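Okay, thanks for coming, everyone. I'll put the model up, and then we'll walk through a helix contact, a strand and a ring pair.

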Amino acid sequence: MQLSEKEILEKLETGEIRLFEIEKYTNTANEATDIRRKFIENETKVQLPHIASYSIDMTDTAAKNIENQIGTIQIPVGVVGPIEINMDDETFETYVPMATTEGALLASVNRGCSTIRKSGGCNVSILANQMTRAPVIKTKSTRDANRLKQWIKNNFDEIKKVAESTTSHGKLLKIDPIAIVGRYVYPRFVFDSGDSMGMNMVTIATEEALKLIEKENDIDVIALSGNFCVDKKPSAINMIEGRGKSVVAEVVVPKEVVEKTLKTTTQEIVEVNYSKNLLGSAISGSFGYNAHFANMVAALFLATGQDPAHVVEASLGITTAENEDGDLYFSVTLPDLPVATVGGGTRLETATESLNLLDAKGSGKVNKFASIVAGVVLAGELSLAGALAAGHLASAHKKLGR
């Protein structure tokens, strides 16, 4: 039943219609968005002209990504680069869009990109592509828990068949590790998710597999996610086992480039990395032995429609620096990078434009995109290490960021 804007606003005020039901009474999600925002403005006495200004289509795209929408926010987008990346089977240069509100970040990353270009590019390797879901199952005793663990191992092929029946893209690689705490069992389902980030895919597939496990065993499935996945939280297991794309990027910076571009020496950068990223992280109990992976990851995620909550995972990782006869060997390892080039927020028009700028939109492009993220993280880490070694960090923020 279609209603006028005035009628909908009146029924919202009386409680006859709830905010999330407005789409039932309008022609488009865009119209529903505008009416919902006007209701909020009336209720709060706060005008939202900038949130009201947007170009994305709430009907065909955003409506699949959010509920109760009232508009959009805007974050400044800049570019860095070009960055030169040597993948296992491809070498390319690209400018990279980054969305942030932190002044000095893009200037620093841009200097890192320049350093990488002057060094012949960075090498990037994709080590793994795996998305996880780990339910928690309750058995009657610890002996039953161990029996269930063995049953899962012995019946992997049948579980795999059932799980993969729900998807044309996902492949169940393994169910490992299978942790036991008392009589609770935590099997970690590990899938290859292709070009999608894969959380929805593996959740649905795991749920179907659990039906078989529950049918054949005297158990109680407590929750589809038992926090052993581990999704959107920092964890040692994701550092060790990996999640999403596991990526390494490296560069050898000639001695003269270190001195002329980074304004410091190789040994000073090695000392900063050792004392800050390794020892400093160790003494603090950090899961991330790096300077600021999260800065680059967050800016790229926001620009390209990735799930921003996964920044907490993607910021895990290790930065290394070594002196090679005066030249600087520098690398970043990102074991837990959940990214996609199809589905989710990548459908949004602004995200599509950013991914198209990178030539990383659509099927077959996720490894390229993951390589770009790793390369940009490398650039940001390299530049910050140089600034710290040279004593330039505070002056750069005074000039550009604050």
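So, in helix H9, Glu-268, Ile-269, Val-272, Lys-276 and Asn-277 meet Glu-381, Ala-385, Gly-386, Leu-388 and Ala-389 of helix H13. By contact I mean heavy atoms within 4.5 Å. Those contact residues split into 5 nonpolar, 2 polar and 3 charged. For that split, Ala, Val, Leu, Ile, Met, Phe, Trp, Tyr, Cys and Pro are nonpolar, Asp, Glu, Lys and Arg are charged, and the others, Gly among them, are polar.

Before I go on: this is a predicted model, where local features need pLDDT of at least 70 and side-chain atom pairs count only at pLDDT 80 or more, while totals for chains, interfaces and linings use all residues. Numbering starts from 1 along each chain as its sequence is written, and side-chain values use heavy atoms, with hydrogens and water left out.

Helices (H or I, at least four residues) and strands (E, at least two) are DSSP runs, numbered from the N terminus. H9 covers residues 266-284 and H13 covers 366-390; they pack at about 100 degrees, axes 9 Å apart. The axes are lines fitted to C-alpha atoms over the stretch in contact, with angles from 0 to 180 degrees between N-to-C directions. That makes H9 roughly perpendicular to H13, a label that covers 65 to 115 degrees.

Now strand S6, residues 184-192: is it buried or exposed? Well, 7 of its 9 residues are buried, so the rest of the structure largely encloses it. Buried is under 20% relative accessible area, with a 1.4 Å probe and protein chains only.

Who pairs with S6? Strands pair if DSSP finds at least two bridges between them. S5, residues 171-181, runs antiparallel to S6 over 8 bridges, with Ile-180 partnering Val-185. S5 and S6 make a hairpin with 2 residues between them, and Gly-182 in the turn has a positive phi of about 60 degrees. S3, residues 122-133, is antiparallel to S6 too, through 3 bridges; there, Arg-133 partners Phe-189. S4, residues 136-138, adds an antiparallel pairing over 2 bridges, and Lys-138 partners Tyr-184.

Last bit: how many aromatic pairs turn up in the whole structure? Just 1. Tyr-186 and Phe-228 sit edge-to-face, 6.5 Å centre to centre and 70 degrees between the planes; the cut-offs are centres within 6.5 Å and, for edge-to-face, planes over 60 degrees apart. Tyr-186 is in S6 and Phe-228 in the loop between strand S7 and helix H7, so the pair ties together parts 42 residues apart in sequence. Both rings belong to buried residues.

Conventions: Buried means under 20% relative accessible area, exposed over 50%, partly exposed in between (1.4 Å probe, protein chains only). Angles under 35 degrees count as roughly parallel, over 145 as roughly antiparallel, 65 to 115 as roughly perpendicular and the rest as oblique. Rings of Phe, Tyr and Trp (its six-membered ring) pair if their centres lie within 6.5 Å; planes under 30 degrees apart count as stacked, over 60 as edge-to-face and the rest as tilted.
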